[in-house]
Amino acid sequence: MTSRSDRASDGWFLVAAGEPLSGTVRVSGATKNAGLKQMAAALLTPGVTVLRNLDPVVDLDVMLEVMRAIGADVSWSGESELTIDATGPLVPEAPYELVTQLRASINVLGPLLARCGQARVAMPGGDNIGSRKLDMHFRGLETMGAELEVVHGFIEARCNRLCGARIVLEFPSVGATENLLTASVLAKGSSVIENAAREPEISDLAAFLNRMGARIFGAGTATIEVEGVESLRAVDNDVMGDRIEAGTLLMACGIAGGEITIEGTRLEHLDMVVRKLGDMGLAVAPAPEGLTARCEHRLRAVDVATLPYPGFATDFMPLVVALLATAEGSAIVTENVFDNRFGFVDELNRMGADVRNEGRHAVVRGVDHLSGAPVRAQDVRAGAALVLAGLAAEGETRVLDPHHVDRGYPDLAGKLQALGAPVRRMREGVGE
Ligand code: EPU
C-alpha cells in the first residue's frame, strides 16, 4: 500500500491541451470529506470497525497517525479497506504536529469527549482558504455540559457524561455538525441540532452511526434529532462516492469538451453544480451507475455564488473560475463560505486568464485561449482548478506543489488520463 512519504513526494502535474474527452471513469470514495470523519467516529466504540471504499490519500495517512497516537490499532486490510480496532485503552490526545497537517483531526474531539470524558486536541489554526474558527464546535459542546479551554495552544475539554441539549448553529458548519453529532449519540437524553449542515457527507456519517446503534433522525435536513444511547457496536461500512471528485471530472469535460460517463456518484448530490453547468452549456444526464456529460461548444459565462449544501459548493468555486476563464462573456463569482479562497487567481492570471478579485467577489472575463505556464497549487481544489485550466491552455502547464491536490484526489491524473486527457503526475527523480 502506498505510504505517506510516497504520496507526499513533490513533483508536478504536467498538463497539455488534447482531444475532447471520452470514456467512462469511476470516482473514488469520499476519503477526505467523509472517510476521515467516520474513522474518528469509530473511536466511539471499543470494537473493530471496518471502513471500505477508502483510498490512501495523504490526509488519510495523517489521520492514521492521529488514530494511532490515540491508541487505536489501524491497518489496511484490503485494497481500499481499513480496519480500526478502538478497543483501547485510549489516550485522548491529538498532537500538534498532526493536527496542524490535517484540520479534520478536530473531528476526534466529539468522540473522545463522549467515550473518555476528556480530550486534549491541538488547535488547528488557519490555512490557505481562511481563518476557520471553531467557536460553534466549542459552544455546542459546552451546551451539552463539557468544559473547554484553550491552554498553551491545546483545546482541553472534559465532562461527566454529556447531556442532550438543543443547539442552534449560527451557520451550518460541516465540522461543527459532525462533532456535535458524534458527541450527542452517547449523551444522556435527546439532542436537537438546528441549522445543521445538510451535506451528503453528514447523511453518510449519520447512516454509519445508526448502523452502530445510534438513533439519529433528520440527517440531511436542517434539524437533526438524536436520542442518546448507552453504547454502540462496531460495524462494517462502505463510505460514499466522492461527489467533489465527480464534479471535478464534470468540469474537466466542460473545459476540454467531449462526452464522458462518471460512475460511482449520485446525480442528486450534484444538483446545483449540474444546474449551473447546464446554464453554461454542459449537458448532464443520469446514467445507470452515475451520470453522463456532454459538451460540444464553448461554454457561456454564468454568475456563481457559493453556499452551504444544497447550494453551489465552495469546493467547486476554484474549478468553476477555471471554466469561466475561457467561457464566452463575463461572470461574477461570489464566495460566501470561506473568507480567503481566491488566492489562486494570480496563478490563473499567469496563464493568461482575466480574473479580478476584490474581497469575496471575482470578475472573470472569458478569454479565447489560456497559455501554458508553470503555476503553483495553493490548496486541494485550487490545484485541481489549475490542472483543468491546463487542459484549455496552449502549450505545456506545470502545476507545482501537487501534494495539495494529492490530499484529496487519490489519482487525479489517472482519472483524467482514463478520459483521454494528456495529464501526468510527475515525481522528483523520475524522468518525464
Ligand atoms: N466556521 C466558524 N466557526 C466554526 C466552524 C466554522 O466560523 O465553529 C466557519 C469557517 O471559518 C468557514 C465556514 O464556517 O468560514 C464553513 O466551515 P465548515 O465548518 O462548514 O467547514 P469545514 O468542516 O472546516 C468541510 C470540508 C471543506 C468544505 C467545507 C464546506 C472536510 C475535511 N472539509 O470543512 O472541504 O469546503 O466543509 O463544505 O470535510 C475541500 O474539500 O477542499 C474542503 C476545504
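Trainee: Which helices each supply at least two residues of the shell around the ligand?

Mentor: Helix 2 (31–41), helix 6 (135–143), helix 7 (174–184) and helix 13 (380–391) do. Keep in mind that this is a predicted model.

Trainee: What makes a residue part of that shell, and which residues come nearest?

Mentor: The test is a heavy atom within 4 Å of the ligand. There are 22 residues around the ligand, and K37, D135, S173, D315 and V337 come nearest.

Trainee: What makes the K32 pair a polar contact?

Mentor: The cut-off is 3.5 Å between N or O atoms. A polar side-chain atom of K32 sits 2.9 Å from a ligand oxygen atom. That value is within the limit, so the pair counts as a polar contact.

Trainee: How do you know that G175 and V337 make polar contacts with the ligand?

Mentor: Use the 3.5 Å limit again. For G175, a polar backbone atom is 2.8 Å from an oxygen atom of the ligand. For V337, the corresponding backbone distance is 2.6 Å. Both values are within the limit, therefore both pairs count.

Trainee: How much of the ligand does the protein bury?

Mentor: The protein buries 87% of the 830 Å² that the ligand exposes when taken alone.

Trainee: How do the residues of the shell divide into nonpolar, polar and charged?

Mentor: Eight are nonpolar, five are polar and nine are charged. Check the named residues against the classes. Lys and Asp count as charged, so K37, D135 and D315 belong there. Val counts as nonpolar, so V337 goes in that class.

Trainee: From which domains does the shell draw at least three residues each?

Mentor: Domain 1 (12–28 + 241–431) and domain 2 (31–238).

Trainee: Now the sheets. Why are strand 10 and strand 12 said to stand at the edges?

Mentor: Take the strand order first. This open sheet of four strands runs 10-11-13-12, with mixed pairing. Strand 10 (166–168) and strand 12 (215–217) each have a single partner strand, so one side of each has no neighbour in the sheet. From one strand to the next, the twist averages 15°.

Trainee: How do you know that strand 11 and strand 13 pair?

Mentor: Pairing needs at least two bridges. Strand 11 (residues 190–194) and strand 13 (residues 223–227) are joined by five, so they pass. They run antiparallel. E194 faces T223 of strand 13.

Trainee: What is the strand order in the sheet that holds strand 23 and strand 26?

Mentor: The order is 23-25-1-26, an open sheet of four strands with mixed pairing. Strand 23 (374–376) and strand 26 (423–427) are its edges; each has a single partner strand, so one side of each lacks a neighbour in the sheet. With direction ignored, neighbouring strands here are turned by 25° against each other on average.

Trainee: What makes strand 1 and strand 25 a pair?

Mentor: Four bridges join strand 1 (residues 11–15) to strand 25 (residues 397–400), and the rule asks for at least two, so the two strands pair. Their sense is antiparallel. V15 has T397 in strand 25 as its bridge partner.

Trainee: In which sense does strand 3 pair with strand 5, and in which with strand 14?

Mentor: Strand 3 (residues 48–52) pairs with strand 5 (residues 81–85) in the antiparallel sense, over five bridges. V48 is bridged to D85 there. With strand 14 (residues 236–238), strand 3 pairs in the parallel sense over three bridges. V50 stands opposite D236 in that strand.

Trainee: Which residue takes a positive phi in the hairpin of strand 8 and strand 9?

Mentor: H152, with phi near 50°; the hairpin has two residues between the strands. Strand 8 (residues 147–151) and strand 9 (residues 154–158) pair in the antiparallel sense over five bridges. V151 is opposite F154 of strand 9.

Trainee: What is notable about phi at N53?

Mentor: N53 has a positive phi of about 70°, although it is not a glycine. N53 lies in the loop between strand 3 and helix 3 (58–70).

Trainee: What is the omega of the peptide bond from G88 to P89, and of the one joining Y309 and P310?

Mentor: From G88 to P89, omega is near 5°, and the bond is cis. Between Y309 and P310, omega is about 10°, again cis. P89 falls in the loop between strand 5 and strand 6 (93–94). P310 falls in the loop between strand 18 (304–305) and helix 11 (317–324).

Methods: Residues are numbered from 1 along each chain as its sequence is written. This is a predicted model: local features need pLDDT of at least 70, side-chain atom pairs count only at pLDDT 80 or more; totals for chains, interfaces and linings use all residues. Side-chain values use heavy atoms; hydrogens and water are left out. A polar contact is a pair of N or O atoms within 3.5 Å; within protein, one must be able to donate a hydrogen and the other to accept it, and residues adjacent in sequence count only if both atoms are side-chain atoms. Accessible areas come from the Shrake-Rupley method with a 1.4 Å probe; for residues, only the protein chains shown count as cover. Domain bounds come from an automatic or database domain assignment. Axes are lines fitted to C-alpha atoms, for helices over the stretch in contact, and angles run from 0 to 180 degrees between N-to-C directions.
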